[in-house]
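Okay, thanks for coming, everyone. I'll put the structure up and then walk through a few spots in it.

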Amino acid sequence: MADAAQPGSAGKIKYLICGCGSMGYNIVEELLKETDSILILDRDEKRVEDLRDQKYEAIVRELTDPEVLDDLPVPEVVFVLTNDKDANLAVVRTAEIKFPLAHLIARATDPVSKDMLTTAGADVVLYPQEVVAKSAVHHIRRLSASRIARKLYTLLGSWEGTLGIVAHTNPDPDSVSSAMALATIAREATGGALVTRILYDGNVGHQENRAFVNLLDITMETITPENLAECDHLALVDSSAPGVNNALDKEARVNIIIDHHKNGTHDTSAVDFVDIRPGMGATASIMTQYLQELDIPVGKKVATALLYGIRADTRDFRRNITPQDLNYAAFLLPLTDREILDKIMSPAVSQETLDVLGNAIKGREVFSGYLFTNVGYLRNRDAVPQAADILINLEGVNTAIVYGITDSNIIFSARNRDIRIHIGKVLEEALAEIGEGGGHANMAAAVIPLNYFSLVKEKEDLLELVIDPILKKIRRIVGLEDEAKHEV
């Protein structure tokens with residue numbers, strides 16, 4: 001370290017280390033990989049002597065002395081690393097005045113001193129116990145993720161025949177892209193011995209979703225008893241159990257479930273592989289992690305689909321987003337087809353979608369910040385969540401619930417900004433005995449099958465007939481029974 005500036009000089013150094021116990025010594029060892037422009041201060045004469053014997057530039061200073069930093073070269077970064085709370089605080093205060101342009105990184109000896117050091121001017125405060133805890137959790141999560149991905153890969157590698165990958169009803173980009181990624185992993189694990197087929201029910205109605213499927217030329221099949229019978233294995237993606245937002249019977253035997261929605265009360269003990277993570281923003285994020293952990297090359301088509309799946313399910317990274325989702329999006333971005341992404345996000349809007357949006361706006365009723373609106377009969381059910389996305393932005397609206405009727409279901413879509421309620425749980429409770437409902441705190445959906453009324457021709461009249469008790473139950477759950485309607 002002969003090139004380091006000497007005490008008393010008017011030069012500059014890269015790093016100043018104040019306190020060189022075990023933590024300080026290890027930091028010096030790491031910094032030496034970058035530069036030898038390092039100066040060490042320590043109050044222990046024997047320690048300083050040992051450091052000099054190892055050719056480190058070190059001097060003895062009493063760290064609580066107000067003049068501790070006098071006659072020193074100007075550092076770019078100051079590390080304050082003793083195990084003495086008072087000494088660390090004194091050095092930070094002195095360094096803040098003496099070296100105002102330097103970055104200050106200080107060690108806290110307890111939670112209270114963290115705030116004191118920050119107030120004194122430290123740019124970064126390290127509390128070793130907290131750092132170790134976070135590091136331990138991070139590593140165990142990485143180990144767990146690697147183990148889960150390897151388990152899936154091994155399971156798929158043991159199969160042959162046909163794997164049916166079932167997307168949820170009216171599949172969105174998150175569900176479809178996850179199915180594509182699972183097909184990629186299956187192909188890699190078996191060398192192509194396992195044939196994959198993406199199956200779905202309902203329709204792809206949202207204009208962006210249609211553009212997504214068409215532009216990426218994604219092959220999917222409408223689910224039928226015949227093609228189900230041809231599958232030797234079944235996987236669910238973006239759906240937490242058979243019969244939950246998918247066309248499978250509730251008693252159907254599935255082998256794989258991968259989802260980011262809460263499972264609820266459905267028993268998955270007989271499923272070969274289950275990975276349900278409600279904390280993730282998208283199932284596409286989980287699939288991206290698998291591809292990373294397994295070091296499987298990600299083609300442009302799959303990368304584009306997965307990135308758009310994450311983007312769509314987090315509403316442009318503004319809803320239910322986690323740092324992990326952003327990391328996976330960053331991994332995918334350089335692998336995508338930017339031109340196709342731009343086209344997907346700028347699709348034409350159908351006339352029916354405009355009509356549904358108009359009906360939603362025109363028919364709205366608001367009770368103390370809760371908006372309800374009936375869009376009537378529709379063929380494109382994806383227009384319902386689009387209407388909810390728009391109406392939640394109305395001034396004075398905290399919760400928007402949009403509902404309508406198709407040939408086979410009454411459907412609900414809800415958006416919520418009221419922190420007092422979890423809208424997913426509200427719909428789940430309200431429809432517990434007659435349909436399926438659920439979702440997140442700020443967004444949810446629900447479906448009531450019209451098993452006995454599917455042949456009724458006047459759908460809007462039927463909706464008016466059955467909806468009133470359902471809405472009353474929702475209002476009771478959120479505490480709106482006695483609230484008067486007002487305009488927004």
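Before the first stop, some vocabulary: helices (H or I, at least four residues) and strands (E, at least two) are DSSP runs, numbered from the N terminus. Keep in mind that this is a predicted model, where local features need pLDDT of at least 70, side-chain atom pairs count only at pLDDT 80 or more, and totals for chains, interfaces and linings use all residues. Residues are numbered from 1 along each chain as its sequence is written, and side-chain values use heavy atoms, with hydrogens and water left out.

So, first stop: Asp238, in the loop between strand S10 (233-237) and strand S11 (256-259). Asp238 isn't a glycine, yet its phi is positive, about 60°. Is Asp238 buried or exposed? Buried, because its relative accessible area is 3%, and the cut-offs are under 20% for buried, over 50% for exposed and partly exposed in between, with a 1.4 Å probe and protein chains only.

Now look at Asp217, in the loop between helix H7 (207-215) and strand S9 (221-222). Asp217 also has a positive phi, about 55°, without being a glycine. Asp217 is exposed, at 57% relative accessible area.

One more phi to show you: Lys55, just after H2, has a positive value of about 70°. At the N-terminal end of that helix, H2 (residues 45-53), the cap is Asp44, with a side-chain oxygen 3.0 Å from the backbone nitrogen of Lys46. That is a polar contact, meaning a pair of N or O atoms within 3.5 Å; within protein, one must be able to donate a hydrogen and the other to accept it, and residues adjacent in sequence count only if both atoms are side-chain atoms.

On to helix packing. Two packed helices are described by the angle between their axes and the distance between the axes. The axes are lines fitted to C-alpha atoms, for helices over the stretch in contact, and the angles run from 0 to 180 degrees between N-to-C directions.

Take H3 (residues 85-98) and H4 (residues 111-120): the angle is about 15° and the axes are 9 Å apart. That makes H3 and H4 roughly parallel, since angles under 35 degrees count that way, over 145 as roughly antiparallel, 65 to 115 as roughly perpendicular and the rest as oblique. Who touches whom? From H3 the list includes Leu89, Val92 and Arg93, and from H4 it includes Met116 and Leu117. Contact here means heavy atoms within 4.5 Å.

The other pair is H5 (residues 128-157) and H6, at about 65° with axes 8 Å apart. Among the residues meeting there are Leu156 and Gly157 in H5, and Ala186 and Thr190 in H6.

Let's zoom in on Thr190, which sits in helix H6 (residues 173-190). Thr190 is buried, at 15% relative accessibility. A polar atom of its side chain is 2.8 Å from the backbone oxygen of Ala186, and the Thr190 side chain also reaches the backbone nitrogen of Leu194 at 3.1 Å. Beyond neighbours within four places in sequence, Thr190 contacts Leu156, Gly157 and Trp159.

Last thing, the cysteines. How many disulfides does a search of the whole structure find? Zero, where a disulfide would be a pair of cysteine sulfur atoms within 2.5 Å. For Cys18, the closest cysteine sulfur is in Cys20, 11 Å away, which is too far for a bond. Cys18 is buried at 0% relative accessible area, and Cys231 is buried at 13%.
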